[in-house]
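Welcome, and please open your viewer. We will go from stop to stop, selecting a few pieces at a time and looking at what is there.

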Amino acid sequence: MSNSALTRIHHQIRIELHSFRNELKKLSVPNYPSKTGNAIIKMLTDKLDKYEETLSRIMGDIEYEDENIVKQSHEKLITKIHNPLVKQDVKFLNWLSKAQTKRVPWSFVHCAEELFQQIIPNHNLLIYCENQYNYGICWSESKTLAPYPYYILSLPGLHRTNILWHTLVGHEIFHPRCNEFIDKYNQKVLINIKNTVTANYRSISSTENSSDLFSDSEKKERIDNITNITHLAWRRAMEELLSDMACVEIFGPAAILAMKAFSACSPKNDIPEPDNNFYPSWQYRFEIVWDNFIKDNLSKLDDVYSEIRNHDIVRCFKEDMLENKRLVEKKEGEGLVKKHPLAKIAYQEFHNLIPDAVDFVKDKTQDVLKWHDEKTLSQIPKLVGRLENGIPPNESVAEINEQEGIYKTHPAVIPAILISGWMYETYWQEKFDADERVMAYKTLSRLILKACEDIQTIEKNQ
Amino acid sequence: MSVLTKNVILEELQKGKDGSGLIITPLKMSQIGKSSVDLHLGNEFIVFRKVSLPCMDIKDAGDISKNVHKYQEKVRISDGDKFILHPSQLVLGATKEYIALPDNISSIICGRSTWGRTGLIIATATQIEPSFKGCVTLELVNEGEIPLVLYPCLCVAQLILYRTEGKLSTIDKSQYQFQTGPEFPKFKKDLDRLR
């Protein structure tokens, strides 16, 4: 290791630190919709200070005559500063630039953060819009974000203001909680899978026409490999379906309609297989959440229907829900998961755990206001009425008494806002071509976003 | 024309409770005065990008509306943060309150004298037609000589409501209907008239 190589890396790191600090300064100018953006900038700035201290210390301690010390110092510069900076910290620059107020649905950010706090207390969430057609979350336990104490949620950029779709944040926010359930059953499921794979090795392998070609040790190795793949498929199914369950437990029909809208351009009947990481098909996902979270609660909406004045809205919504019911009753998804031999084993293990998974989801969302709670249901008719009249569904006015000077109102709750929005959307779908009085979808989204923005003010006013 | 007093305003709000009629939202009792309703500054502002906008010529309205992002920047200020309005600067803001007027009530928006004394003008087009729905865009100008610090939620305007006479035969939908924040000018009507 030559001294000039050390000098070169030293200069390179100084440039990287300087550029990083400059980028952070630029990112500190714009506005962020919550405190998280600036808190992350502060954390990174403190980290940069520490890197610079480390850099000075390493360079100060060098004895250039000792080749070993020069080599160790070179190593330290790379492992203690360069690598964490360019492999981990730098990701935040991208997230922060896409988390600025003007780049995200800022009215909705505090609602998503509040939901996040109820599901994962004492942690912070950064929301940004990514130019990809997906929702996603990464957090400190994941490879992408270790070891930062932040959760990073991405929304699809082209649908930034499409607030009704953002019902799906309920799914993403629950992802980090799934490990508790998965870890609890992991060993037991692994053993079950291995037993099933061993018992069915011949039939599984015969699909590849190769089972007889292997020796016993090779066979054992193959069983282990197949078990691992199947186990990963089980984990994938468990995580996705637990998150779906949580989203539907909180937002009910709004979650179903958001899933349906989001998946409208994707095939519904994909077979879980290695090519798609054994991802559950949309059809199967609908079946699971409908059977376990919607079917028995749907009658709770009967009183809501009777209070909505515009019967057309009720009819459109009911027709949509009926269509969903027909779709799930076919049970096509259940058949699809059995088509691939490994998916069949993995999804059978998932199936056996459904009652426990339902209990787990209900337990972990117990502090969250849900769609079937009385408070939510009682607000929906009034909020639908407001939307129909072009008013943000932001509050439910309880009493105005001009004699006594009383103006009593309740801020709308998020599940009620989203359900009323989706109810109106089903009506909008039917009418917008035929009736010019029906507002544009963009207006509908804006009114709902305004409602999300207002609920904090209404809470403060009380 | 008769200006609505507090009792009548509350009566009208009562009629609008279910989503139709007079609505001012969010609203608290203390905002309703003897014959007016206090309105607050919202969080969004439109600032003109002077370097990209050589002049405002309505004959170029098509170009302006197509390239609106070139000419304006929307700024969102969080509650408690500052927005500084410099002398002679014009920015567009909006009321925090969303207003829906029934077809027999019109209104005028005017500045509060406290702010007027500092040189702040909040609106030049002050008339709001019956049946309007939306947040009211405020044309904020600092006519004073020193910069003014504005904060979202400042009580900067008052709404005076009055009953209109006669019935509207057709409802002329405002081109700014259902806006939830400030809107960039739309010159379509003016351009049609010019032609």
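Does A:Leu342 count as buried or exposed? Select A:Leu342 and look around: with 24 C-beta neighbours inside 10 Å, A:Leu342 counts as buried. (A residue is buried if 20 or more other C-beta atoms lie within 10 Å of its own, exposed if 12 or fewer, and partly exposed in between, with C-beta atoms placed from the backbone.)

Before moving on, a word on what you are seeing. This is a predicted model, in which local features need pLDDT of at least 70 and side-chain atom pairs count only at pLDDT 80 or more, while totals for chains, interfaces and linings use all residues. Residues are numbered from 1 along each chain as its sequence is written, and chains are lettered from A and ligands numbered from 1 in the order in which they are written.

**Stop 1: around A:Leu342**

Show helix α14 of chain A, residues 341–352, where A:Leu342 lies. (Helices, H or I with at least four residues, and strands, E with at least two, are DSSP runs numbered from the N terminus.) Now add A:Ile226, A:Ile229, A:Thr230 and A:Ala233: A:Leu342 touches these, not counting residues up to four places away in sequence. (Two residues are in contact if their C-beta atoms, placed from the backbone, lie within 7 Å.) For a distance to try, pick A:Leu190: its C-alpha atom is separated by 13 Å from that of A:Leu342, although the two are 152 residues apart along the chain.

**Stop 2: chain A and its core**

Zoom out to chain A, which has 18 helices and five strands. Its C-alpha trace spans about 90 × 70 × 40 Å along its principal axes, and 42% of its 462 residues count as buried.

Next, select A:Ala112, A:Leu242 and A:Ala346. These have the most contacts inside the largest nonpolar core, which has 116 residues. (A nonpolar core is a set of buried Ala, Val, Leu, Ile, Met, Phe, Trp, Tyr and Cys residues joined through C-beta atoms within 7 Å.) Helix α8 of chain A, residues 216–251, gives the largest share of this core, 13 residues. Centre on A:Leu242 and, leaving aside neighbours within four places in sequence, you will find it in contact with A:Phe174, A:Cys178, A:Phe181, A:Ala357 and A:Val361.

**Stop 3: a sheet in chain A**

Select β1, β3 and β2 of chain A: in that order, these three strands form an open sheet with mixed pairing. (Two strands pair if DSSP finds at least two bridges between them.) The edge strands are β1 (124–130) and β2 (136–138), each pairing on one side only. β1(A) and β3(A), residues 150–156, pair in the parallel sense over seven bridges, and A:Ile127 stands opposite A:Leu153 in β3(A).

Now add helix α2 of chain A (residues 35–60), which packs on the sheet, touches β1 and β3 of chain A, and makes about 100° with the direction of β1(A). (Axes are lines fitted to C-alpha atoms, for helices over the stretch in contact, and angles run from 0 to 180 degrees between N-to-C directions.) Helix α4 of chain A (residues 106–119) also packs on the sheet and touches β1 and β3 of chain A, with a direction at about 135° to that of β1(A).

**Stop 4: a hairpin in chain A**

Go to β4(A) and β5(A), which form a hairpin with four residues between them; A:Gly405 in the turn has a positive phi of about 65°. β4(A) and β5(A), residues 406–411, pair in the antiparallel sense over six bridges. Within β5(A), A:Thr409 is the bridge partner of A:Val397.

**Stop 5: where the chains meet**

How many residues does each chain bring to the contact? Chain A supplies 29 residues and chain B 25 residues. On the side of chain A that touches chain B, α16 (374–388), β4 (395–401) and α18 (441–461) each supply at least two residues, and α18(A) gives the most, with nine.

**Stop 6: chain B**

Finish on chain B, with five helices and 13 strands. Select β13(B), residues 155–163, together with β8(B), residues 105–111: seven bridges join these antiparallel strands, and B:Ile108 stands opposite B:Ile160 in β13(B). Strand β3 of chain B, residues 37–40, also pairs with β13(B) in the antiparallel sense, over four bridges; there, B:Asp38 stands opposite B:Gln158.
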